[in-house]
Amino acid sequence: MINSRLKSLFSILASFVLILILLHANANAQREISDSLRHNRNKAAGFITPACLIATGVAFHYVPSLQPFNQVVRDAVQTNLFGRTKADNYIQYLPSVAMLGLDFAIKQHASSFGERALSLSLGYLFMGAGVLCVKDNLRLLRPDSSAYNSFPSGHTATAFLGAELFRYYYRHLSPWYGVAAYTFAVATGFGRIFNNRHWFADVVCGAGVGILAARLAIMFSPYVKGFFAKQMSFFKKDKTSVFISPMVEGNAAGISFSMRF
């Protein structure tokens, strides 16, 4: 059973990598976007952190010697704390909402509102596709035995997606913006364990998926923006102007026609 689940996971990751390769190939056909992508390729080190988080989550679910740690973390949280809260259902969205909402309070932006909204939309697309595909294929039981969709944590992925985008777009102002956003993201992950809805491995992997989705969105948003800008240019009106006016001269009448390019 474990081998079949691992094969499903690897097939999903392979398909995801193939999609990224195709997107890169398409982007390279556009000169104005290729420079941006080359710049992002030089920042490949930025993908080490999410890759390590995802690998750690997988390891704590499938490596026998590490699996007990999930139970240890849950027992520690459930022993020292009691009760349930729905706060994590709302906190997960705070970094994303703040990233867009602060646009009306802070004017010192290095990017436009549209660029940030586009990155957030792409991030949700990447994150949602990854989380849902893995959940549906692996079908791991939640710690409260409520459903077979525990791995990875979607709430945590959402929170870390928003936190990473918030950190990236406001890093020029102060590093404390990123610290605040990641604090809410960590609180969301803790809340999922606190409410007995996810294992430690689910939360760690969810954090990696969220950060990865954010950095992919930052990488590909310039070429997506350029693609739609190019398509919309076909609908713009040209600068050709036409003038038609009546003309009367003596006993003759007619129409004057002129065109300016």
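# A first look at the contacts, cores and loops

User: Which residues is Met-99 in contact with, leaving aside its neighbours within four places in sequence?

Analyst: Met-99 is in contact with Arg-116, Leu-120, Leu-165, Phe-166, Tyr-169 and Tyr-170 once those neighbours are left aside, where contact means heavy atoms within 4.5 Å. This is a predicted model, in which local features need pLDDT of at least 70 and side-chain atom pairs count only at pLDDT 80 or more, while totals for chains, interfaces and linings use all residues. Residues are numbered from 1 along each chain as its sequence is written, and side-chain values use heavy atoms, with hydrogens and water left out.

User: OK, what is the mean pLDDT of the protein?

Analyst: The mean is 78, and 69% of the residues reach 70 or more; pLDDT is the predictor's confidence in each residue, from 0 to 100. Over residues 20-25 the pLDDT is below 50, and this stretch has eight contacts in the model beyond near neighbours in sequence. Where pLDDT is low, the predicted coordinates should not be read in detail.

User: How many helices and strands are there?

Analyst: The protein has 10 helices and two strands, with the helices coming before the strands from the N terminus on. Helices (H or I, at least four residues) and strands (E, at least two) are DSSP runs, numbered from the N terminus.

User: Back to the inside: which residues have the most contacts in the largest nonpolar core?

Analyst: They are Met-99, Met-127, Phe-151, Leu-165 and Val-209, in a core of 40 residues. A nonpolar core is a set of buried Ala, Val, Leu, Ile, Met, Phe, Trp, Tyr and Cys residues joined through side-chain atoms within 4.5 Å, and buried means under 20% relative accessible area, with exposed over 50% and partly exposed in between (1.4 Å probe, protein chains only). The elements giving two or more residues to this core are α3 (48-62), α6 (94-101), α7 (113-138), α8 (154-170), α9 and α10, and α10 gives the most, with 13 residues. Apart from this core lies another, of five residues, among them Val-73, Val-77, Phe-194 and Val-203.

User: And why is α8 called largely enclosed?

Analyst: Because 15 of the 17 residues of α8 are buried, the helix is largely enclosed by the rest of the structure.

User: New topic, where is His-198 found?

Analyst: His-198 is in the loop between α9 (175-194) and α10 (200-232), and it counts as buried, at 1% relative accessibility. The side chain of His-198 is joined to that of Arg-142 by a polar contact of 3.2 Å. A polar contact is a pair of N or O atoms within 3.5 Å; within protein, one must be able to donate a hydrogen and the other to accept it, and residues adjacent in sequence count only if both atoms are side-chain atoms.

User: What about Gln-92, is it buried or exposed?

Analyst: Gln-92 counts as buried, at 4% relative accessibility, and is found in the loop between α5 (88-91) and α6. Its side chain makes a polar contact of 3.4 Å with the side chain of His-155.

User: Last one: how many disulfides does a search of the whole structure find?

Analyst: The search finds zero disulfides, a disulfide being a pair of cysteine sulfur atoms within 2.5 Å. As for two of the cysteines, Cys-52 is partly exposed, with a relative accessible area of 44%, whereas Cys-205 counts as buried, at 4% relative accessibility.
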